[in-house]
Amino acid sequence: MKRNIKTVAIIGGGPSGCALGILLKRKGYDAAVFYLEKRPEIIVGESLLPAIIPLLRKLGVEDEVKSYSTYKPGASVWVNKEEEATSPFSFGGGGLPPYAYNVPRVKFDKTIFDKAVAEGVTFFPHIAKIELVAGTDELRLSDDTIAATNDYFKGQPDLIVDATGRSRTIARLMNLPTREGKRKDVALFAHLTNADKISPFNIHLHRLQEGWTWRIPLPDRTSVGVVINPKHLEKYGSTKEEQYDNILKSDPTLVKFTREAKRETGVVQYNNYQLITERMYGTNWLLIGDAAGFLDPIFSSGLFLAIKSAFTATDAICEGTDAAFRQYQKMEMHELTVWQKLVNTWYSGGLFTLMTVGKERMDTSFGRFIGPHMQRHLTRIFTGEAVYKTYSRGFLRFVLGPMIQMMKLGRLHKRNISDLAIK
């Protein structure tokens, strides 16, 4: 049966919520966004993937994003303090642009918000209160929330979309089942000035003695984040600021890059950022963006997946059938699951092993055969294309499956994979 959807209440005015508002407005829906202007000083998700560029073009915002961002031509990964593997996005081939941007998130989020305003999306600066209709799977906006809209929806909206990010408003209200990642790492990050210069302006990822770090070059600052097992944190201090500052002063890799740096912002902490909601739609509600699922930030997939979900959700809403909503959920679950598998290769040491073997065996007949394929399809992890190309997925399954097993047996590599795992 086709649902009769004409009015949509979007809860949350971040990039996914605003993108959905833009897309639905273009389709002729009465869509309104509930939001609060208060935003954190800095927000994780500053390094974009090439896969997001076509979406920014469709929204009509790439030129503005480019004007205040740092051009990002690739990704650089350190297997250890001496071994670097750099992948220019152009090595990935495929159909994506060979670049992305490192963005100040406050400006980026405002760009999407302002675009929604310019295209006539209605905004209500209120916290929307949602209630569960007793004995049903249906949700409704509270009477005072409806009153705050001056009856914009002419009663209750036909569809309520949760775009509240990690607040996960509907999932918490309905106690929806979730699937958590195995790791419980903590991410601490801040913006620094006078840190070591990065050229070209790739995202740089380093293994640390404990955990790993990112360095993202922004126009006038460097975003430096540390992802670490919480069991290691207590020895660095009692507050997140003490912990962050002391990690930068004690880890040899971070000392090298930040010894002259000054922290210009507060320290932001994220806990348990691997969570997928296993039910993403119901009678009159839908989850998008981080409210549906969010992953470890290692491959910079978060903002891309959030905005892409707005496009996929728009298709489902326009189709309006239960089959379309089921397909939306299936696609979201598939994408999050595949991305999670790629994330796991980082922490298990599998990805580092492949990078190391690639360097060591390029002068052999096997290396000359497999090397170009390895380079292309590993690069596609960092562009975002690996998840969506059938051949890339199959190749990565091979090199991260049977090929890794051969490495474990010592046929291709003298090291154990566990030696390269993130502790």
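**Strand S17 and its surroundings**

In this predicted model, strand S12, which spans residues 186-193, runs antiparallel to S17, and the two strands are joined by 4 bridges. Within this pairing, Leu188 stands opposite Gln269 of S17. Strand S17 itself covers residues 268-271, and its side chains alternate between two faces: Val268 and Tyr270 point to one face and are buried, whereas Gln269 and Asn271 point to the other face and are not buried.

A further element considered here is strand S15, comprising residues 222-228, in which Gly225 is found. Gly225 has a relative accessibility of 0% and therefore counts as buried, the cut-off for this class being under 20% relative accessible area. When residues up to four places away in sequence are left aside, Gly225 touches Leu188 and Phe189, and also Trp212, Thr213 and Trp214. Leu188 thus appears in two settings, as a residue that Gly225 touches and as the residue opposite Gln269 in S17. Gly225 and Gln269 lie 44 residues apart along the chain, and their C-alpha atoms are separated by 9.6 Å.

With regard to the protein chain as a whole, 14 helices and 20 strands are present, and buried residues make up 57% of its 423 residues. Of the contacts in the protein chain with a separation of 6 or more, 75% are accounted for by residues 24 or more positions apart. The protein chain exposes about 18300 Å², of which carbon and sulfur atoms supply 51%.

Methods:
Residues numbered from 1 in each chain as written. Predicted model: local features only at pLDDT ≥ 70, side-chain atom pairs only at ≥ 80, totals over all residues. Heavy atoms only, no water. Buried < 20%, exposed > 50% of the residue type's maximum accessible area, 1.4 Å probe, protein only. Pairing = 2+ DSSP bridges. Contact = heavy atoms within 4.5 Å. Areas by Shrake-Rupley, 256 points an atom, 1.4 Å probe, with all protein chains shown as cover.
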